[in-house]
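Visitor: I'm new to looking at protein structures. Could you walk me through reading one?

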Number of protein chains: 2
Amino acid sequence: MMRALVCNNHQISLHTLAALPEPREGEALLKIRQAGICNTDLELIAGMYGFSGIPGHEFVAEVEQGPPHLIGKRVVGEINIACGGCDFCQRGIPSQCRNRRTVGIRQHPGAFADYLALTVQNLHVIPDTVTDDQAVFIEPLAAALQVTELAHISPDNRIGVIGLGKLGLLIVQVLQLTGADVIGITRRESQKRLLDKWGISAAAYAEIPAESLHVVVDCTGQAQGFEDALRLIEPRGTLILKSTYHDLPRADLTQLVVREINVIGSRCGPFESAIRLLKQGLVDVTALIEARYPFDSIIEALERAAQPGALKVLLDF
Amino acid sequence: MMRALVCNNHQISLHTLAALPEPREGEALLKIRQAGICNTDLELIAGMYGFSGIPGHEFVAEVEQGPPHLIGKRVVGEINIACGGCDFCQRGIPSQCRNRRTVGIRQHPGAFADYLALTVQNLHVIPDTVTDDQAVFIEPLAAALQVTELAHISPDNRIGVIGLGKLGLLIVQVLQLTGADVIGITRRESQKRLLDKWGISAAAYAEIPAESLHVVVDCTGQAQGFEDALRLIEPRGTLILKSTYHDLPRADLTQLVVREINVIGSRCGPFESAIRLLKQGLVDVTALIEARYPFDSIIEALERAAQPGALKVLLDF
């Protein structure tokens, strides 16, 4: 028996399922210790992608069945389950596997359940010095690191980050580590307090001159965010898109041509790098914890996570 | 006295002006020998940018007044007149000068006139082995080369070029020189004949599988072209935007994020590289000449250039 949040036809409910997942060949059975709620979960539950099943893809777990050297270890798991055979797998880019399933998102059950079966090669053992509260941020921190994985950030760049939610607040920290001049673009007091704590500049959008930044990272997920970001980038600058968009921006692509701007889309990132930064204490993730709920209160936790400006809501199993 | 095409309030007419342009300090006086009609000229004349003045920015000229070593030389001219003082000029990117004027486009008279005054540092002497008919393509060929100036093209890339007008047909030739597998995306027989002549593959849009190309260059200038191009690019691929857009695409930017696509806007390019390619006979520009008119027939020439599928229309002075 296990508890699981099941989403069906835009309806969610906490079920008790009779059977645990059956690990297939190459998979381990994971007992979830903690999970985090991501905006993607809220979108899936709201029915944006016709999702049904068990959502959840940010988690810390203990290996219950699997290879002997992993039994009892605390692990996190990469969410893209690659086929191993397509051109992207062969090029060493399994996160873009053409036949991928994605934990809690596409064709694979998620982590809002007591147990999860997952390919062993997706697992990363967590060092003892990294707590569960930190480790649950490894997946989004890796996504933040995908910015520097795909874009060359110079230490003398002026960088603005727009959309300072859970992901944006990780991205400003990662970018600050490059030595660049990072500006968190916000008017919200709670976000400014965090930036201040980390020694990162804050500015309101209207305070930043047009065409004045080398790099802008758009984490807003809104059409307006894209337009705002585009306005701030100087010629030959880089616009990094970090969120899927809720709507279709009417993008002034002529601006990209005239100013010769480089736009880089970026998605899932390197887990081992995220683990290293947490181990070295270089990123403050626990400051992003908004609230924590026992898993039995997941419905309430999801409501909390959906409130405007809410940061990370955790689920303890 | 000189002849000049003057555009005023969306009206164009061929005038005889009493005075020649007065070269200012650092400028040469150029006597135009030949000019080419670009789509941008047609857009300016159609009133798209509130333009008034003398259009025209593709030309071959002879230096009539200026530094002694240039007198009598055949030259072409870069179109961006840079201030020399802004951050982009100081970084060696005068084409993105923040205070630039642009020949025949912004705050500087163009080449659809017998004479033009232009900064000496914008001039490039044409080698004797390059004819006027070739040299008049140096400006657009340089713009085509800006693709490889800004994007890294690998010899094993599969590249599609969509929108095979005057510029697209230069871009396929430049890309072919990299050794990449270049596909001109078209159904038009006249374009296919040129591709065939150059040994470049042609395919109809519908024949190309989705997400199958490493690089797509969009020269359509149409919102639909952007959407079409986006569909063809594989994950981690590059979408190069080469035309200003007539309309505002409702861009599915989520696709950029999920597939981690890199979009690169690109504008004016390196003149010396274009001259080298013409000198070495590596690009066939004269095949793009659709028609030629004496300058006195410029109104008729502009009508011809505006016909669908028209290639380069030249003006002989």
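Visitor: Let me start with a helix: which residues of helix α10 in chain B are buried?

Guide: Keep in mind that we're looking at a predicted model. Helix α10 of chain B covers residues 298–305, and B:Ile298, B:Ala301, B:Leu302 and B:Ala305 are buried there. Look down the axis of α10(B) and you'll see the buried residues fall within an arc of 100°, so they line one face of the helix.

Visitor: And what do the buried residues of α10(B) pack against?

Guide: Their partners come from chain B too: the strands β1 (2–8), β2 (11–17), β17 (289–294) and β18 (312–316), plus the helix α1 (39–45).

Visitor: Let's zoom out. What rotation superposes chain A on chain B?

Guide: Turn chain A by 180°, with 0.0 Å of shift along the axis, and it lands on chain B with an RMSD of 0.0 Å. That's the relation of a two-fold axis. Now check the interface: 100% of the interface residues of chain A are also interface residues in chain B, so the copies meet through the same surface.

Visitor: Now for a single residue. Is A:Asp218 buried or exposed?

Guide: Buried means under 20% relative accessible area. A:Asp218 has 0% relative accessibility, so it counts as buried. You'll find A:Asp218 in strand β13 of chain A, residues 213–218.

Visitor: Which residues does A:Asp218 touch, leaving out those up to four places away in sequence?

Guide: Among them are A:Ile162, A:Gly225, A:Phe226, A:Leu239, A:Lys242 and A:Tyr245. Take A:Phe226: its backbone nitrogen lies 3.3 Å from a polar atom of the A:Asp218 side chain. For a sense of distance, try A:Gly265, which is 47 residues from A:Asp218 in sequence and 9.9 Å away in space, C-alpha to C-alpha.

Visitor: What about cysteines? How many disulfides are there over all chains?

Guide: First the idea: a disulfide is a covalent bond between the sulfur atoms of two cysteines. To count one, we want the two sulfurs within 2.5 Å. Here the count over all chains is 0. A:Cys83, for instance, is in no disulfide, and its nearest cysteine sulfur, on A:Cys97, is 3.6 Å away. With a relative accessible area of 38%, A:Cys83 is partly exposed.

Visitor: How far from B:Cys268 is the nearest cysteine sulfur?

Guide: That sulfur belongs to B:Cys38 and is 9.6 Å away, and B:Cys268 is in no disulfide. B:Cys268 counts as buried, at 14% relative accessibility.

How values were computed: Residues are numbered from 1 along each chain as its sequence is written. Chains are lettered from A and ligands numbered from 1 in the order in which they are written. This is a predicted model: local features need pLDDT of at least 70, side-chain atom pairs count only at pLDDT 80 or more; totals for chains, interfaces and linings use all residues. Side-chain values use heavy atoms; hydrogens and water are left out. Buried means under 20% relative accessible area, exposed over 50%, partly exposed in between (1.4 Å probe, protein chains only). Helices (H or I, at least four residues) and strands (E, at least two) are DSSP runs, numbered from the N terminus. The arc is that of the directions from the helix axis to the C-beta atoms. Contact means heavy atoms within 4.5 Å. Copies are superposed by least squares on the C-alpha atoms of residues with pLDDT of at least 70 in both. A polar contact is a pair of N or O atoms within 3.5 Å; within protein, one must be able to donate a hydrogen and the other to accept it, and residues adjacent in sequence count only if both atoms are side-chain atoms.
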